[in-house]
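Please open the model in your viewer, show it as a cartoon, and keep a selection panel at hand for the stops that follow.

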Amino acid sequence: MLCKVTTNRAISANGVKVEKGMSVEVISQTSNFNNSKDREAMKQAFIRAYGIDVTKAMPSLSFFQIEVLSR
């Protein structure tokens with residue numbers, strides 16, 4: 001399924017600055033990103049789009065809004 005992942009807040013931590021509203025589209029197996037493959041896909045999408053590893057600043061999925069665009 002295709003999901004849109006958006007950051008919920010601005011934060012600066014561990015040398016990474018993230019702005020609220022940054023978003024990427026990710027193809028995933030589930031809509032809750034509980035497996036490592038989906039989290040890695042999300043991490044790589046943010047690196048491609050913004051050049052940052054958001055997981056360093058935002059280690060929990062509670063920092064993100066995940067919207068299913070298509071199944």
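Two strands are taken as paired here if DSSP finds at least two bridges between them. With that criterion in mind, and remembering that this is a predicted model, select β1 and β4, which pair in the antiparallel sense over five bridges.

Stop one: the sheet. Add β5 to the selection, and the three strands form an open sheet in the order β4-β1-β5, with antiparallel pairing. The edge strands are β4, residues 23-27, and β5, residues 64-70, each of which pairs on one side only. From one strand to the next the twist averages 25°. Strand β1, residues 2-7, is joined to β5 by six bridges, and these two strands run antiparallel. In general, the strands of a sheet pair through backbone hydrogen bonds, in either a parallel or an antiparallel sense.

Stop two: individual partners. Which residue of β4 stands opposite Leu2? Select Ile27, which takes that place. Move next to Cys3, a residue that can be followed in both directions: Val26 stands opposite Cys3 in β4, while the bridge partner of Cys3 in β5 is Val68. Further along, select Thr6 together with Gln65 of β5, which stands opposite Thr6.

Stop three: the two faces of β4. Colour Val24 and Val26 in one shade, since they make up the covered face of β4, and Ser23, Glu25 and Ile27 in another, since they make up its uncovered face. Val26 of the covered face is the residue already met opposite Cys3, and Ile27 of the uncovered face is the one met opposite Leu2.

Stop four: the helix. Select residues 36-50, helix α1, which lies across β1, β4 and β5 and runs at about 135° to β4. Helix α1 has 15 residues and reaches 21 Å from its first C-alpha to its last, close to the 21 Å expected at 1.5 Å a residue. Now show the side chains of Asp38, Met42, Ala45 and Phe46, the buried residues of α1. They cover an arc of only 95° around the axis, which puts them on the same side of α1. An α-helix has 3.6 residues a turn, so residues three or four places apart point the same way. What covers the buried residues of α1 includes β1, β4, β5 and α2, residues 54-57.

Stop five: the other side of the helix. Which exposed residues does the face of α1 turned away from its buried side carry? They are Ser36, Lys37 and Arg48. Arg48 has 65% relative accessibility and therefore counts as exposed, the cut-off being over 50%. If you draw a distance between the C-alpha atoms of Arg48 and Gln29, which are 19 residues apart along the chain, the separation is 20 Å.

Stop six: the aromatic rings. Finish by selecting Phe46, Tyr50 and Phe64, which form one aromatic cluster. Rings are counted as a pair if their centres lie within 6.5 Å, and by this rule the count comes to two aromatic pairs. In one of them, the rings of Phe46 and Phe64 have their centres 6.1 Å apart and their planes at 50°, so the pair is tilted. Because Phe46 lies in helix α1 and Phe64 in strand β5, the pair ties together parts that are 18 residues apart in sequence. Are these two residues buried or exposed? Phe46, at 0% relative accessibility, counts as buried, and Phe64, at 7%, counts as buried too.

Technical notes. Residues numbered from 1 in each chain as written. Predicted model: local features only at pLDDT ≥ 70, side-chain atom pairs only at ≥ 80, totals over all residues. Heavy atoms only, no water. Helix = DSSP H or I, 4+ residues; strand = E, 2+ residues; numbered from the N terminus. Axes fitted to C-alpha atoms, helices over the stretch in contact; angles between N-to-C directions. Contact = heavy atoms within 4.5 Å. Buried < 20%, exposed > 50% of the residue type's maximum accessible area, 1.4 Å probe, protein only. Phe/Tyr/Trp six-rings, centres within 6.5 Å; stacked < 30°, edge-to-face > 60°. Expected span 1.5 Å × (residues − 1). Arc of directions from axis to C-beta.
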